[in-house]
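Here's a quick tour of one model, with a few spots worth pulling up on screen. Have a look first, then read on.

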Amino acid sequence: MCSKAGEDARAVGSRPWAEAIARVTGRRRWVVMVVWLLLLLISALGAASLAGRLSNGSGPPPDAGSVHADALLAEGFQGRSATTMVLVVRDERNVADNPAFDGRVGGAIDAVLTDSRLGGTSSFGWDTAAPERRAEFVGADNRTVVTSVGLALDDAAATTVLPSMQQEFDTRFRPQGLQVALVNIQAFQGELTEASAASLAEAEALALPLIVVVLLLLFRSVTATVVALATTMTGIVYTLGVLDLIARYVPMNIFAQNIVVMLGLGVGVDYALVMLKRFKQELADGVPVPSAVARTIATAGHTVIASALTIVVAVAALFVTPLNTVVSLAIGAALAVAIAMLVAVLLLPALLHLLGERINAGRVWVPAVMRRDESDPESARWYRVTLWVMARPVLCSVAVVASLLLLSVPVLGMKLFTPDARILPANSAVGAGADLVAEQFGPGAASPIVVVLEPREGAPASAAALAEMAQFVDDLRAMPDVASVDSALPILQRISPSDPGAALAPSTLDRIPADLAAGVRHFVSDDGGKLVVQVVSTQRSSEDATVRLLDGVRDRAADLRLLTSVVGGETARGDDSNAEIARAIPLVLVLMLVAVYLVLLGTFRSVLLPLKAIAANLLTVGATFGVMVMVFQFGWAPGWLGLGDAGALFFIDPLVVLALIVGLGTDYEVFLLSRVREEYLASGDNRAAVARGMARTAPMITGAAVLMIVVFGAFGFAGLMPIQQLGIGLAVAVAIDATVVRVVLVPAAMQLMGRWNWWNPWERKPDREAKVLEPSSVSG
């Protein structure tokens, strides 16, 4: 067996790039530090302005039917526009029969409609109805009224303006005993953006102290801990700065910022841990600082690069999904990992040159049970545990596989949901407004299913087309879970019972009462070429009953002969997004696994080891999804944990968790098997190589996993529901992967595979000494 010093020297010699980085960062260390700080300052300026460039749109792709429906509704209707809002006003002091009620409520509505910042173009509801016909716009408490308002704001502007206007109206009208709520998807998204920033700060405040404690225990040095945190935060700021540049030209979702901070903390600290542990080990072996830096880059740096490449490749598969939210998360995740790698390999070495032996300054006392002698891996408990597992490979493999498959069973009942106002914080004014509408007018009143009909023969609709529409409306009313079906038909039939279509003539509309004309124009476009039917569910937009109702509406609309139909509304938007996710998952999974296989094939030069790694990853994915379903869908977590019961998983979380689990799981596989391969090439003994490789890397992998769990867990307990589910899912995945998979399943499988672990039919059997020169990994 070659000596460790000889192996390290050859590793550096076989990687000229590592020697080059060590030489440049050593000779130009102050230049590197100045460039580092300048880039940090520039990136910080970009990071500070990033939040204002991000949106919270989580809708379907542009070619979805629900998007087409929104476009059809943008012009030609009263009380509708590209951005339609439900204005809710509640008088706490008067009921609708009180003479003061009309003046107080009407004044509040006028204040909203005339506010130039909102740009109200038209309205339809309580304010346009004649006094004797206002009852349908008054809530069950006889104190609350609604009006539909079309706004002259695009989606991005409305997302920014509505939350601030909501706060302003609250401050203005609450002292008067009036509750004014602006309810629509843009108000929700804007409020979610602000809540997301608040939860991000809360998660950071929870994670950072825990990270400091774990790093102090792992490094036993204050200086090393400070260096790890400094490089980690540098990577996050750099990433946010780059993200700000991208967001100037590409629409980016607010959750990209969350994923950057969450993954940047987890991966950045892990990479710093790998590099610093190796550097400290080299110094402990008496290696001079310049050589210790070079060896650290050649060994630990090589592992960090391979790890980052694997995660980026796995995440890149998400780009095939045509959803802005998923693509934004993929961009954020890939950037966070890639920049964390660059910081660890290019900037951290300059600090190591500067600090040298002072990296151990500020020694920290740790309990004796946590101290370990790393000089002899065969005396480590990990070595003994691995040998015990490898002596019982069948039993251990079956036990682990069966347990993970059992945890995966709940995945068969997994449900997805798109977010609505219920995920907002309890003190949210927008959420309170949505709850008020649901309470007074029914759960589905603020988010109806909207069917836009157009005559096939052209505008306006013929008598036959209107008759078909009337039958369509009757059929919809007969469906389960329908609270009401609204259209222009009742008014048209009232105006012209024998020929409802005649009532659409401009000359007729000009002669009827203004409120009845407004009712027609709310459901029929100015040119008479578009007709709207609204189906109000008895449940909220994301509930199963409403989704089933949507399917029924679509099926019935598809049967129309004289009218074409496009179905929209919040439920349709969510369903279209979920359908894209369902279509994308198989393709993403295949691309991801093929890409990861090729990366591992190049790293380990083995045909079967990558397959074993992928199989283990899939088991981890299944078990993780199963736990997520049990916690967030079934609500089995103890109430004191505060995880809530969403009844479903946020629609993009499974896809993102899938990519990150595969990437992070393969990350640990690289850490472990690189060292095992090194040991095997040196000795040719598969059993001893696995045990020694485990003993050398398990402490580092365990420490890295603890840090990941701390970071992801902090976001899981402090974040909004979508980030909460993502954080808990990743924390569970890392815990499963770093314990039962890495400690039990991998050694057992490698014992069963024996020499087949390293089988490569395309590679001639080389001289063993030559093979020892190949990738080395960091030791624990």
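At what angle do the axes of helix α4 and helix α20 cross? They cross at roughly 145 degrees and come within 8 Å; axes here are lines fitted to C-alpha atoms, for helices over the stretch in contact, and angles run from 0 to 180 degrees between N-to-C directions. On the α4 side (residues 65–73), G65, S66 and D70 make the contact, and they meet A572, R573 and D576 of α20. Contact means heavy atoms within 4.5 Å. Sorted by type, the contact residues come out as one nonpolar, two polar and three charged, with Gly counted among the polar ones and Ala among the nonpolar.

A word on ground rules. This is a predicted model, where local features need pLDDT of at least 70 and side-chain atom pairs count only at pLDDT 80 or more, while totals for chains, interfaces and linings use all residues. Residues are numbered from 1 along each chain as its sequence is written, and side-chain values use heavy atoms, leaving out hydrogens and water.

Now for strand β1 (residues 83–91): eight of its nine residues are buried (under 20% relative accessible area, 1.4 Å probe, protein chains only), so the strand is largely enclosed by the rest of the structure. Strands count as paired if DSSP finds at least two bridges between them, and β1 has these partners:

| Partner of β1 | Bridges | Sense | Opposite L87 |
|---|---|---|---|
| β3 (residues 144–151) | eight bridges | antiparallel | T147 |
| β4 (residues 178–183) | six bridges | antiparallel | L182 |

Finally, V313 sits in helix α10 (residues 289–316). Beyond its neighbours within four places in sequence, V313 touches A595, V596 and V599. V313 and V596 are 283 residues apart in sequence, yet 6.8 Å apart in space, C-alpha to C-alpha.

Conventions
Buried < 20%, exposed > 50% of the residue type's maximum accessible area, 1.4 Å probe, protein only. Helix = DSSP H or I, 4+ residues; strand = E, 2+ residues; numbered from the N terminus.
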